[in-house]
Amino acid sequence: MRNISEWSIRNPIPTIVLFLCLTLVGIAGFSALGIDLDPNTDVPQVSITITQTGAAPVELETQITRKVEEAVAGIGNIRHINSTVSDGASQTNVEFVLGTNIDRAVNDVRDAVAKIRQQLPQSIDEPTIQRDDNTSEPFISFTLSSNRRSPVELSTIADLQVARALMTVGGVSRIYQFGSKREIGIHLDPLRLQALGMTADQVNTQIKALNIDLPGGRGEVGTSEQAIRTLGSASRIESLSKLRIALPGGSFAPLSSLGTITDGTAEQRYIAFFDSKPAVVLQVVRTPGSNLVAVEDAINAKVRELEKSLPSDIKITLLWTTGDFVRESYNASVESVLLGAGLAIVVIWLFLRDWRSTLIAALAIPLSAIPTFAAMRALGFTLNNMSMLALALVIGILVDDAIVELENITRHIAMGKTPFQAAIDAADEIGLAVVATTMSIVAVFLPVGFMQGIQGQYFRQFGLTVAVAVLFSLAVARMLTPLMAAYLLKADENPHGAGSKFYDRILLWSLNHRLVTILLAIGFFAGSLALIPVLPTSFLGKVDSGQSLISVTLPPGSSMATTRKAVERLTAIVKADPNVASVFGRAGSAGSGFGPVNSGRLLMNLKPRSERKLSQQEFEAEIRPKLNQVPGVRILFGGGWSTAMRLVLTGDNPELLNRTARDLADQMRSTEKVFVDVSSSAALLRPEIQVRPNLARAAEQGISVDAIARTALIATLGDSEARLARFNLPGRQINIRVQLDPHFRSNIDTIRNLQVAGNDGRLIPLQTVADVRMGSGAVEISRYDRARQVTVSSNLAPGVELGTALKVVHQLPALSRLPAGISEKLSGDAENQADVFNGFGFAIVAAILLIYAVLVILFGGFLHPLTIMVSLPLSLGGALIGLLIFGKSLGLYTLIGIIMLMGLVTKNAILLVEYALVAMKSGVPRQQAILGAGEARMRPILMTTIAMIAGMLPIALGWGAGAEARSPMAVAVVGGLITSTALTLVVIPVVFTCFDDLQKWLSKLLRGVPKESAALPAQE
């Protein structure tokens, strides 16, 4: 790398062409990069969903969930198995170790479930097995409205036209539609059925058998061949009502005589609202790896195209999108990069006061950053928070090497050399130091880029982006900077002044009082370590995304009407707040449609940050007491997985587990200064009608338990979705649901008198072969790693960090004295935080060892690299003091900043030690060499440090969308740079003399041993 500078100076054309090509490739790479919020942190996860209409959670757990868990448990590389069992649905999520081939994992899970298919109930729908990823959640949502069309008509248009059109957009994976669903309802009269000797199940079976189109084979009439089709489906509702139903004894009756036939909507188990008005909602999910912003733009373009072709009364309104925050965050990151670059250039000019030198140094920024985009494209990165943060923080570092080269060239010009000769000599002299500083940074970020776990997926794009950028800056400093200096610079005066003389006096005092200096440095490091327990810890900082989500829960058994009223009341409170732009709400079950309807959600779109006085977190804290005044409603900001803290309790004793979880939740609610929005998934009982067969009587009548259950199912709910009869419409089919008239379904006596067919065909009232009574049962059952689990979720009070909350919660009696058989497991951010701090230790150790290895290789020795390594602990105190002063926490971003410091702070020590060693080799006395190193290197050290600090200021000050989470990283780096630079200039020269004395002593010792051993034979 030394000779390459002279070659570049003497051959300017190839060098210029090289950097022009790199710039063009970088521009092309930038245009091809996608924009996203965060790096892709996909956890290999496979979900298994099995539905059985009408089945209770307790039944599903025994008959399905446990068997599925046992079947998949033998598959390798499984990290966790989570199951949720609710009405009619069992869902098991299998989370694999990061790095597992997800396609193979899906196939292994599918094979495992297929092997036990015969052990599962025959009435279940076919298991759905699919890959889950972080893009499986909707990222944009629309509502359809009309001032003259019914909800059913709107749903039909949404399904047939809008959803189908949006599915043609590249990057769209699936579309969820919520609204009224057209359905043919056959509401049977139980008294009429009893008089005719029929059951609802028998009517349902006949309708399915008669109202259907089937293939009939193939015929040859005349000289041509024809397909034979059997067309049994009714073409109109009137035809369906005239369908002849076979009665016992051989007679028939029209279907219309058995009950009422309606062409209406399915039972409302889900209602969506937009600004308090019912709406038909479409939510779009993108494909894994797709560019969020590009897909959003394509969807918006398709919507504008649809609006031209749809009837004029139909309006498509954007409900919410995550694309706005992604775009704002990206723009803020770009502004931080540009502002940081501008500040760094200003700092350079203030030091150099020469436009030629400033231009040469400033060009290092674009010539290093732009080619980095090509490498990011090749590595599959996107322009996200982490990669853009890497570029913003590295801006000051990119001019580092160029400044050092330029300052050394300027010093040689001041000796009377021509700029051409000065560039050659100075570049050769400084080459080792420049390479060492750059490789120490690369040595830090390469292991960071290959860390494991969730934190590794965040660190990878950050670490590798920094490493690539500084390698390009090294190429600029070793090739282009000397070239430009040789042809652009002119003779200049001595750059050193009074500041250098002041530093010389401090340095001389330190060298004369080495023990005091070293003790003061050790004391500073010890004080730094004492600050660590004082600082709060977290995973990711709180970000003002402009959207706030609330989960709403009512007591089990609450009706749809009750839930709707509660959601409407909450919506009215939120809508009245001046910080809120719009509100999207929903009431009921958004899953299979047969789940409990005692839950809902509110998604609030806040006004732009410039138009509201409160941040998102301040808004939530202010409105929470108002929402808690609504009786019978429990709210949770963030909802489920998005809550700040999730504690998972597991055990095999459901009663003890639920009691422990309730005690813990109650104790957390009493600690209001730490925990808010406390909720527990402990199984609350809901009212239910229990049918307990009398097995002896049922056997006498030839009636099976399955027949009893199916009688109740068909009469009250209708058949499962997959087994319903269908009514044909042009281009689609709608369901035909057979069940008792709603008027009769609300009476428990009607259930008791349902007719069940015996072995001789006689109809027997249900209550003669079963006991029908009111009871209670679990609403939902959760399982974690094949054991029952209860999750206690909570948000944190304003100003409380996750680490502090974890300490408090583990001191509560319910958690500090867990009963035997109950265990606690970390989940969500708490688990991620533990992984981050565990991975951080590995990253720090690996970074230190790699830095030392690089320095040993470059300096050709083992002791003086240790001198340079002493600068590492000198940076920790500044980082922690900065966090303490600005009230920041130790989290993922902060730890990345501290790791970044490891590479940056060695730079100053390298410059000092390398200069002193070169001077001593040329015969200069040690103290004179050290003083000369300080005099020669102080200005470039200060210039590069201040330039780096200036480049990071926009991030440290938290400017732009999402900067709240990134700010602690820059604060830590700036604080560490300040203290390490000040202490390095004083402490490192002292430590250098100590290690030099040690090296001389060891050399004498090692040289003396051979002489003594050689003299022994002569004496003998």
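Which residues are buried in H12? In this predicted model, the buried positions of H12 are Ala-364, Ile-365, Leu-367, Ser-368, Ala-369, Pro-371, Thr-372, Phe-373, Ala-374, Ala-375 and Met-376. Buried here means under 20% relative accessible area. By that cut-off, 11 of the 15 residues of H12 are buried, so this helix is largely enclosed by the rest of the structure. Helix H12 spans residues 364–378. From its first C-alpha to its last, H12 reaches 22 Å, close to the 21 Å expected at 1.5 Å a residue. Gly-380 follows H12 and has a positive phi, near 80°.

Helix H32 covers residues 892–904. Its 13 residues reach 19 Å between the first and last C-alpha, close to an expected 18 Å. In H32, 13 of the 13 residues are buried; the helix is therefore largely enclosed by the rest of the structure.

Strand E14 (residues 277–286) is also mostly covered, with eight of its 10 residues buried. Strands of a sheet pair through backbone hydrogen bonds, in either a parallel or an antiparallel sense. For E14, pairing was examined with E5, E6 and E13. Strand E5 (residues 140–146) pairs with E14 in the antiparallel sense, over five bridges. Within E14, Leu-282 stands opposite Phe-142. Strand E6 (residues 172–178) runs antiparallel to E14 and is joined to it by six bridges. Here Phe-178 has Val-281 of E14 as its bridge partner. Strand E13 (residues 270–274) also pairs with E14 in the antiparallel sense, over three bridges. Ala-272 has Ala-279 of E14 as its bridge partner.

Another sheet is open and has four strands, in the order E12-E7-E24-E23. Its pairing is mixed. Strand E12 (259–265) and strand E23 (725–729) stand at the edges. Each has a single partner strand, so one side of each is left without a neighbour in the sheet. On average, neighbouring strands of this sheet are turned by 25° against each other, direction ignored. The edge strand E23 pairs with strand E24 (residues 732–740) in the antiparallel sense, over five bridges. Opposite Arg-726 stands Asn-735 in E24.

The interior was also searched for cavities. Across the whole structure, three cavities of 30 Å³ or more were found. The largest holds about 60 Å³ of space. Its lining consists of Leu-912, Val-913, Ala-916, Ile-930, Ala-933, Ile-988, Pro-989 and Phe-992. By class, these are eight nonpolar residues, with no polar and no charged residues in the lining. Three helices contribute to this lining: H33 (906–921), H34 (926–956) and H35 (963–1019). Each supplies at least two residues.

A loop position gives a contrasting case. Val-534 lies in the loop between helix H18 (514–531) and strand E16 (547–553). Exposed means over 50% relative accessible area. At 53% relative accessibility, Val-534 therefore counts as exposed. Val-534 and Lys-67 are 467 residues apart in sequence. In space, their C-alpha atoms are 48 Å apart.

Technical notes. Residues are numbered from 1 along each chain as its sequence is written. This is a predicted model: local features need pLDDT of at least 70, side-chain atom pairs count only at pLDDT 80 or more; totals for chains, interfaces and linings use all residues. Side-chain values use heavy atoms; hydrogens and water are left out. Two strands pair if DSSP finds at least two bridges between them. Axes are lines fitted to C-alpha atoms, for helices over the stretch in contact, and angles run from 0 to 180 degrees between N-to-C directions. On a 1 Å grid over the protein atoms alone, a cavity is a set of points where a 1.4 Å probe fits but cannot get out, and a pocket is an open set with protein on both sides within 12 Å along at least five of seven lines; lining residues have an atom within 4 Å of a point. Grid points are joined across faces, edges and corners, and a volume is the space filled by probe spheres set on the points. Ala, Val, Leu, Ile, Met, Phe, Trp, Tyr, Cys and Pro count as nonpolar, Asp, Glu, Lys and Arg as charged, and the others, Gly among them, as polar. The expected span of a helix is 1.5 Å times one less than its number of residues. Buried means under 20% relative accessible area, exposed over 50%, partly exposed in between (1.4 Å probe, protein chains only).
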